[in-house]
Amino acid sequence: MTVPKAEKKNIIIIGGGIIGCTTAYYLTRHPSYDPKLHTITLIEATRIAGGASGKAGGLLAIWAYPNNIVPLSFRLHAELAGEHNGEENWGYRRVTCGDLEVEGRDWSDQDLSKGHSLGKRRKGRNEATSGVVRGVPEDLNWILQDQIKGYEEIGNTDATAQVHPYLFTTSMIRLAEERGVKVIFGSVTALSYVSVPGNSHQMTSPPSEYHHSDPPSPTLSSTSQSSTSSSPSRRKGVNGVVYHDSSNKERVLEASHVILAAGPWTAKLYPSAPISGLRAHSVTITPAEPVSAYALFTKITVPPRPRSPLSSPSRSGSRSPMEPVATSASPEIYARANEIYVCSEGDMEVELPATTSEVEVDESRCDELISQVASISDQIRKGIVTRKQACYLPIVNIGGLGPLIGETGVEGLLLASGHSCWGINNAPATGLIISELVFDGTSKSADIRSMDPKRVI
Ligand SMILES: Cc1cc2nc3c(=O)[nH]c(=O)nc-3n(C[C@H](O)[C@H](O)[C@H](O)COP(=O)(O)OP(=O)(O)OC[C@H]3O[C@@H](n4cnc5c(N)ncnc54)[C@H](O)[C@@H]3O)c2cc1C
């Protein structure tokens, strides 16, 4: 009996964020992956983890969403950390997560009421704890104790963990490269399509028009993908991508499978994907002394105070000694082993720029964040600000949906995008599922019907 020969797969991943890099990793760990037979190429427009994947908080939680992949992903994170010394290499550790209501002691300077929640906080928590001081853990001693108005634990160390997202993402791609993945720095400008026989519902080998030795002569189009069938017996397939390399030269790379993991930029290449971006600012601070391992969803109320001598001029450019009454703010605070990360709510003031390197950082928003958290902690107030940054969260524009993971209806084209505020948590499950779709033709590890891109594109 002859064993059927495995089909060669040329896989292209678009996007070197956490989703693309973790997908590359899991593709190389699939039992059917053979580096002598298959090729995997990741194309990244700017730099690995240059977007949200390098600037996120890194909270992992078994109580995150969607619940069809969260427990799997939470477990995979623990396994990855165990296998590759994640504690040392990307700051994996267990943390306690709580809801904290606190009155700022010091200064504040802005109208803080305009943010768009990033969506991690479970609704109703603050209201439930409002005005009641109970169960504040003893080791949460880096928050000014007499200012705390309420605390409620959301997740203990069995249910909550963290990674440093930049270190995790760059580690994933390094491990994938060790097993044969090639990284190209270049910007994909279009997907290339062909017409393929229409009766296949499986992920397939290259379309019939595809000849490995010839460069594809594709219908180059980034906008005409809405129709997935060109005639009753034919359907659309992807057979490569067009990209501009680092010297801006146009190149074509052929593929049997294209995985679109371009985060908030996904719709630029595939316009019918209902995915956009929401900007959020964050800062990192080296605290005056090491602090205990907590992730805090806060509600900070700050009475009007003189401006902080540390803060820069407000957005209006004014420097008046007294600023308008601040109501409340809800920064998220994540203590890491060597630093404290703080992020703001999202804003819609600036549209998604062309690349991660063109993201506009509004320094006054970072200063607001610093003022807010400095007002509740001496360790922060006396600490050193090490980074002020902004990035875009990839969000699915249809309420309650996201991420979108799976086949698109275009033969060979898979989507792994729209992970909103839980992309760090859900990256390992996403990568594993995509590897199964490519090599097994089906998702074996999770029921992904609710995330099927074909429901919305
Ligand atoms: C402030 C903030 C805090 C967060 N905190 C957490 C958290 O604590 N826990 C959690 O689980 N999640 C968190 N998230 C969410 C998480 O960061 C995102 O869901 C995740 O990073 C999305 O990853 P991605 O790979 O899809 O997108 P991105 O990180 O945006 O990566 C997409 C990549 O694609 C590249 N690209 C785009 N277009 C092209 C092209 N045409 N050609 C080539 N490359 C291209 C980009 O350059 C980019 O590198 C947070 C997000 C924000 C904004």
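# Reading a predicted model with its ligand

Modeller: Let's begin with the overall make-up: the secondary structure of this chain comes to ten helices and 20 strands. Keep in mind that the model is predicted.

Colleague: How much of the chain is buried?

Modeller: Buried residues account for 57% of the 457 residues. As for the surface, the chain exposes about 18,900 Å², and carbon and sulfur atoms supply 51% of that area.

Colleague: And what can contacts tell me about parts of the chain that lie apart in sequence?

Modeller: Take the contacts between residues at least 6 apart in sequence: 82% of them join residues at least 24 apart. Leu-76 gives you a case to look at, in helix 3, which spans residues 70-84. Its C-alpha atom is 7.1 Å from that of Ala-429, although the two positions lie 353 residues apart along the chain.

Colleague: Which residues does Leu-76 touch, leaving out those up to four places away in sequence?

Modeller: They are Tyr-26, Pro-428, Ala-429 and Leu-432.

Colleague: Why does Leu-76 count as buried?

Modeller: We compare the relative accessible area with a cut-off: buried means under 20%. Leu-76 has 6%, so Leu-76 is buried.

Colleague: Is Glu-289 buried or partly exposed?

Modeller: Partly exposed, because its relative accessible area is 49% and that class runs between the 20% and 50% cut-offs. You will find Glu-289 in the loop between strand 13 and strand 14. The C-alpha atoms of Glu-289 and Lys-382 are separated by 9.0 Å, with the two residues 93 apart along the chain.

Colleague: Let's try a strand residue. Where does Thr-284 lie?

Modeller: Thr-284 lies in strand 13, residues 275-286. With a relative accessibility of 1%, Thr-284 counts as buried. Its side chain makes a polar contact of 2.7 Å with the side chain of Thr-386. Beyond residues up to four places away in sequence, Thr-284 touches several others, including Arg-336, Tyr-341 and Ile-384.

Colleague: What about Gly-346: which strand holds this residue?

Modeller: Gly-346 sits in strand 17, and here too the relative accessibility is 1%, so Gly-346 counts as buried. From C-alpha to C-alpha, Gly-346 and Cys-391 are 9.7 Å apart in space and 45 residues apart in sequence.

Colleague: Now the ligand. Which residues come nearest?

Modeller: There are 42 residues around the ligand, and those that come nearest are Glu-44, Ser-53, Leu-59, Ser-420 and Asn-425. By type, the shell divides into 25 nonpolar, 15 polar and two charged residues.

Colleague: Which backbone atoms should I look at beside the ligand?

Modeller: Try three places. At Ser-420, a backbone N or O atom lies 2.6 Å from an oxygen atom of the ligand. At Val-188, such an atom is 2.9 Å from a ligand nitrogen, and at Gly-57 the distance to a ligand nitrogen is 3.0 Å.

Colleague: How much of the ligand's accessible area does the protein cover?

Modeller: On its own the ligand has 1,000 Å² of accessible area, and the protein covers 98% of it.

Colleague: Which elements give two or more residues to that shell?

Modeller: Among them are helix 1 (18-29), strand 2 (39-44), strand 8 (182-197) and helix 10 (423-440). Strand 17, where we met Gly-346, is one of these elements as well.

Colleague: And which domains supply the shell?

Modeller: At least three residues come from each of domain 1 (10-73 + 166-275 + 399-455) and domain 2 (94-163 + 276-392).

Methods:
Residues are numbered from 1 along each chain as its sequence is written. This is a predicted model: local features need pLDDT of at least 70, side-chain atom pairs count only at pLDDT 80 or more; totals for chains, interfaces and linings use all residues. Side-chain values use heavy atoms; hydrogens and water are left out. A residue is near a molecule or strand if one of its heavy atoms lies within 4 Å of it. A polar contact is a pair of N or O atoms within 3.5 Å; within protein, one must be able to donate a hydrogen and the other to accept it, and residues adjacent in sequence count only if both atoms are side-chain atoms. Accessible areas come from the Shrake-Rupley method with a 1.4 Å probe; for residues, only the protein chains shown count as cover. Helices (H or I, at least four residues) and strands (E, at least two) are DSSP runs, numbered from the N terminus. Ala, Val, Leu, Ile, Met, Phe, Trp, Tyr, Cys and Pro count as nonpolar, Asp, Glu, Lys and Arg as charged, and the others, Gly among them, as polar. Domain bounds come from an automatic or database domain assignment. Buried means under 20% relative accessible area, exposed over 50%, partly exposed in between (1.4 Å probe, protein chains only). Contact means heavy atoms within 4.5 Å.
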